[in-house]
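Here is a walk through one protein model. Start with a single helix, then step back to the whole chain.

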Amino acid sequence: MRTKSVGKKKINIVTLGCSKNVYDSEVLMSQLKANGKEVVHEDRGDIVVINTCGFIDNAKEESINTILDYVDAKNRGEVEKVFVTGCLSERYKPDLVKEIPDVDQYFGTRDLPILLKHLGADYKHELVGERLTTTPKHYAYLKISEGCDRPCSFCAIPLMRGGHVSTPIEKLVREAEKLAKVGTKELILIAQDLTYYGLDIYKKRALGELLKELVKVEGIEWIRLHYAFPSGFPEDVLDIIREEPKVCNYIDIPLQHINSDLLKSMKRGTTHEKTDALLAKFREKVPDMAIRTTLIVGYPGETEERFQELKDWVKEQRFDRLGCFTYSHEENTTAHVLEDDIPQEVKEARVEEIMELQSQISWEKNQERIGEVYKCVFDRKEGNYFIGRTEYDSPDVDNTVLVSADNTYISIGEFAMVKITSAEEFDLYGELI
């Protein structure tokens, strides 16, 4: 058994799940650092705080396995304490306490001040907007709201994150200014629902007004929009994307399905026809926009005919970026009363069919990029290549641009103009000009 250190305890923050959790971990780390604590992210530490995800089965399994791994490490004397926070803990705390009692304490998504107390720290209100970022310093997530008021039948996020609460524009601008001062050049706006932003505090959709203020922040070169809900989309945002050079010609809009009956059951507030009209509006207003979406297959009642409708629509729409997931039957959601009538192997086969389609579409679209010149930001160096992205690509989920490091040097976090020389399904290759 390891001898316990007498000096200052190192706190290791482990982050699972989505970018919203990354943001929350960064806020926690900044609070700990301001309290004089030694804090690391996904490294070795005496105390471990696991920020969990509880969204779908795979995420829950990963969170539980991570908790069990650290509990084992605690029992071997390799760590002293294990704390668990985040969505899984918010949603299943009574079950977790019963099933994994060796965790020292469980906390929900709104328990930051209490968690800090258990870590020997005080919540500092003056630090609101301060973060110890875990991403490369040239890009950062900016969470503009918390929670969600949408009634989507399959989604457990409101159970874990609560109702929608917007952060005032002036606070977000101050946070963006602080990020810019430490080298952030790209802001990735995140929320459970970007398009609902402002309704609670300004009594109107205010994403457009927020963007108009953020583009004024000196040092920020790109602003990217993630997680826009299709129903009630504020069309003034499209004008801003088209007219403002800093706002990337990119949007992430999870559409989930296209069959109108399934969309009604999902409580998405839209139809096949309305979705097509919205996408047509996007392409009319911003012809050069890259549209990313995500789909769910295997939702209750997704017959072969309805799945074929989805496939035909994917072929027709030719999305620039697309992800696909199997339906997860989540307790306490309104869809849980429906029969989960699609076998798991059928769900997985349908994901493969959709992603095969998308792979071909992506390859064809990337071939069209050959010979074009793009402004790219470079995130890292891997092997013999510098890895960058265009404005049409978000980190970790989209295409990358690879430039050979043989006779070239590029500073990480810098922008450069690149001519595309060849392309694969999800990678572009190019040379500096």
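The buried residues of H2 pack against four elements: strand E1 (10-15), strand E3 (47-52), strand E4 (81-86) and helix H3 (87-99). Bear in mind that this is a predicted model. Which residues of H2 are buried? They are Ala59, Lys60, Ser63, Thr66, Ile67, Val71 and Ala73. Look down the axis of H2: these buried residues fall within an arc of 160°, so they line one face of the helix. Now turn to the other side of H2. Asn58 and Asp69 are exposed there.

Check the length of H2 next. The helix runs over residues 57-75, which makes 19 residues. At 1.5 Å a residue, H2 should span 27 Å. The C-alpha atoms at its ends are 27 Å apart, so the expected span and the model agree. Just after H2 comes Gly77, with a positive phi of about 85°.

Move on to the cysteines. How many disulfides does the structure hold? The count is zero. Cys18 is in no disulfide; its nearest cysteine sulfur belongs to Cys53 and lies 6.1 Å away. A disulfide would need the two sulfur atoms within 2.5 Å. Cys87 is in no disulfide either, and the nearest cysteine sulfur is again that of Cys53, at 6.0 Å. Are Cys18 and Cys87 buried or exposed? Cys18 has 31% relative accessibility, so it counts as partly exposed. Cys87 has 7% relative accessibility, under the 20% cut-off, and therefore counts as buried.

Step back to the whole chain. The chain contains 12 helices and 18 strands. Its radius of gyration is 22 Å. The globule rule gives 22 Å for 433 residues, so the chain is as compact as a globular protein of that length. Along the principal axes, the C-alpha atoms fill a box of roughly 60 × 55 × 45 Å.

What lies inside, and what shows outside? Of the 433 residues in the chain, 53% are buried. The chain exposes about 19100 Å². Carbon and sulfur atoms supply 49% of that area.

Contacts complete the picture. Take the contacts in the chain with a separation of 6 or more. Residues 24 or more positions apart account for 74% of them. The packing of H2 gives a local view of contact: its buried residues meet E1, E3, E4 and H3.

Terms used. Residues are numbered from 1 along each chain as its sequence is written. This is a predicted model: local features need pLDDT of at least 70, side-chain atom pairs count only at pLDDT 80 or more; totals for chains, interfaces and linings use all residues. Side-chain values use heavy atoms; hydrogens and water are left out. Helices (H or I, at least four residues) and strands (E, at least two) are DSSP runs, numbered from the N terminus. The expected span of a helix is 1.5 Å times one less than its number of residues. Buried means under 20% relative accessible area, exposed over 50%, partly exposed in between (1.4 Å probe, protein chains only). The arc is that of the directions from the helix axis to the C-beta atoms. Contact means heavy atoms within 4.5 Å. The radius of gyration is taken over C-alpha atoms; the globule rule is 2.2 Å times the number of residues to the power 0.38. Accessible areas come from the Shrake-Rupley method with a 1.4 Å probe; for residues, only the protein chains shown count as cover.
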